[in-house]
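Colleague: I'm new to this kind of picture. Please give me a close look at just one part, the place where protein and DNA meet, and keep it informal.

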Number of protein chains: 2
Amino acid sequence: MTSYYNIYPKFLVSVDCIIFGFSEGTLKLLIQKRPYNPGLGMWSLIGGFVEQDESIDSSAQHVLTKFTGLHNIYMRQLEAFGEVERDPGQRVISIVYYALINMNNCINNMPKEYDAKWVDIDKVPHLCFDHNKMVDKARKKISEGLLDEPICSNLLPRFFTLSQLQSLHESIMGVSIDKRNFRRSIAEKKYVVKTEMIDKGNSRRGASLYEFCSE
Amino acid sequence: MTSYYNIYPKFLVSVDCIIFGFSEGTLKLLIQKRPYNPGLGMWSLIGGFVEQDESIDSSAQHVLTKFTGLHNIYMRQLEAFGEVERDPGQRVISIVYYALINMNNCINNMPKEYDAKWVDIDKVPHLCFDHNKMVDKARKKISEGLLDEPICSNLLPRFFTLSQLQSLHESIMGVSIDKRNFRRSIAEKKYVVKTEMIDKGNSRRGASLYEFCSE
DNA sequence: TCAAAAGTGTTAATAGTACACCCATGA
DNA sequence: TCATGGGTGTACTATTAACACTTTTGA
């Protein structure tokens with residue numbers, strides 16, 4: 001009874017993943033040298049093709065795991081890109097996901113193995129096809145929900161200072177934020193809680209460490 | 001050089017379209033009796049399969065045109081749905097679009113030809129597969145941007161009263177709105193402008209007609 | 001004259017923005 | 001003792017929310 005469907009064409013479906021990380025005060029993006037033609041050797045998002053036995057969501061997870069060693073990271077779908085000529089080699093419909101991860105938890109031989117690297121978000125090189133457009137849309141999207149949800153909980157170490165959190169917000173949004181206003185707005189969020197610990201690594205005086213509360 | 005891709009599987013890709021309309025003070029959804037197995041005869045969103053020579057966006061346009069006769073309607077992508085078993089017949093990846101249209105401009109023999117009909121948004125029957133979930137997500141999405149953009153310009157006739165516009169907003173958001181606050185917020189929007197015309201159809205006193213300004 | 005929808009302002013609460021100084025400490 | 005990053009409060013502005021009566025007119 002499924003024969004009715006069979007008059008329709010089938011397509012390659014890829015997932016492209018926009019992986020954000022954070023270190024040294026700036027937002028980073030994980031990119032790779034493209035291993036296929038067309039565009040062999042160009043910079044691109046990390047990605048892969050969807051397989052028969054995996055959902056598109058889990059396909060995105062597999063891509064992330066392959067490149068970073070991380071499992072069970074919360075990924076969100078950005079959008080499907082389906083222009084006929086978007087991939088000059090062959091028709092490929094791409095479903096784009098994004099995630100924000102803690103770079104320090106990644107396996108560290110990753111970059112060599114897959115020719116991948118982290119780049120500053122404001123220094124992303126020209127990427128193949130429509131990948132730069134994807135990155136722009138994803139960055140815009142994460143800025144929008146930044147204060148409503150604990151989006152950036154994965155970008156920071158388990159315990160972090162408010163200064164770290166602020167520079168992360170600034171980096172994602174691309175603007176600078178008043179310290180007092182920022183701290184007040186964070187104080188209202190239930191998902192960020194102060195711990196008893198003090199971090200002395202970054203200042204003589206020491207800064208209180210916070211964590212994202214789990215719920 | 002495209003041979004590398006060919007080790008990967010290909011998929012049927014459908015577009016499902018969530019078409020909102022508005023009449024008699026309530027938001028409506030266009031649904032059809034499913035013409036295929038599995039699920040033959042069940043209610044479903046209007047949809048179709050993507051063809052080789054069309055982008056996913058234009059595929060959605062074609063679906064809309066087929067069912068309504070309308071051309072060049074602004075459609076937005078909601079999300080791609082790609083669970084392995086979402087269609088029990090065969091693996092189909094569905095890309096979901098939504099649009100808001102003026103029901104009165106539709107060709108009116110449409111319902112018979114394709115077994116389609118309009119239903120009140122609060123009385124949507126059980127739809128096949130994951131289609132109800134799609135509708136819920138779309139309704140949530142349109143409520144969010146309602147005051148920022150002239151989203152509902154297509155749902156109303158060219159000239160409309162503020163009462164009509166208000167009940168449309170109420171119907172989309174599923175809440176009731178204070179008349180004075182609503183009218184003030186609309187007065188601030190540049191994209192809604194008052195005309196000299198008065199509509200005497202709905203009240204003895206008559207109500208000013210407004211229109212969406214084009215820009 | 002009355003029923004029915006159109007139209008109209010004010011006040012209170014809340015959220016957001018701008019802005020500058022003292023604190024604690026180790027070197 | 002001083003350089004460095006950590007930490008704090010207040011006044012102003014803009015936005016949102018709550019709330020009830022008068023107007024017009026055809027039947």
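Modeller: Let's start with A:Gly206, where a backbone N or O atom lies 3.3 Å from a sugar or linking oxygen of DNA strand D. That is a polar contact, meaning a pair of N or O atoms within 3.5 Å (within protein, one must be able to donate a hydrogen and the other to accept it, and residues adjacent in sequence count only if both atoms are side-chain atoms). Before going on: this is a predicted model, where local features need pLDDT of at least 70, side-chain atom pairs count only at pLDDT 80 or more, and totals for chains, interfaces and linings use all residues. As for bookkeeping, residues are numbered from 1 along each chain as its sequence is written, chains are lettered from A and ligands numbered from 1 in the order in which they are written, and side-chain values use heavy atoms, with hydrogens and water left out.

Back to DNA strand D. A polar backbone atom of A:Ser208 is 3.0 Å from one of its phosphate oxygens, and a polar side-chain atom of A:Arg183 lies 2.5 Å from a phosphate oxygen of the strand. The elements giving two or more residues to the surface near DNA strand D are H5 and strand S8 (207-212) of chain A, plus H5 of chain B. Helices (H or I, at least four residues) and strands (E, at least two) are DSSP runs, numbered from the N terminus, and a residue is near if one of its heavy atoms lies within 4 Å. H5(A) gives the most here, with four residues. In all, 19 residues sit around DNA strand D, and A:Lys179 and A:Arg183 are among those that come nearest. By type, this surface has 12 charged, six polar and one nonpolar. Charged means Asp, Glu, Lys and Arg; nonpolar means Ala, Val, Leu, Ile, Met, Phe, Trp, Tyr, Cys and Pro; the others, Gly among them, are polar.

Now for DNA strand C. A:Asp178 has a side-chain N or O atom 3.1 Å from a base nitrogen of DNA strand C, A:Arg180 puts a polar side-chain atom 3.3 Å from a base nitrogen of that strand, and an N or O atom in the side chain of A:Arg184 is 3.1 Å from a base oxygen. Helix H5 (179-188) of chain A, along with helix H5 (179-188) and strand S8 (207-212) of chain B, are the elements that give two or more residues to this surface. For DNA strand C, H5(B) gives the most, with four residues. Of the strand's atoms within 4 Å of the protein, 37% belong to sugar or phosphate and the rest to bases.

How does H5(A) sit in its own chain? A:Asp178 turns up again at its start, where a side-chain oxygen reaches to within 3.1 Å of the backbone nitrogen of A:Arg180. In H5(A), A:Phe182, A:Ser185 and A:Ile186 are buried. Their directions from the helix axis to the C-beta atoms fall within an arc of 100°, so the buried residues line one face of the helix. Buried means under 20% relative accessible area, exposed over 50% and partly exposed in between (1.4 Å probe, protein chains only). Those buried residues pack against helix H4 (162-173) and strand S7 (192-199) of chain A, with contact meaning heavy atoms within 4.5 Å. The face turned away from the buried side carries the exposed A:Arg180, A:Ala187 and A:Glu188. So A:Arg180 is on that exposed face, and its side chain is also the one 3.3 Å from a base nitrogen of DNA strand C.
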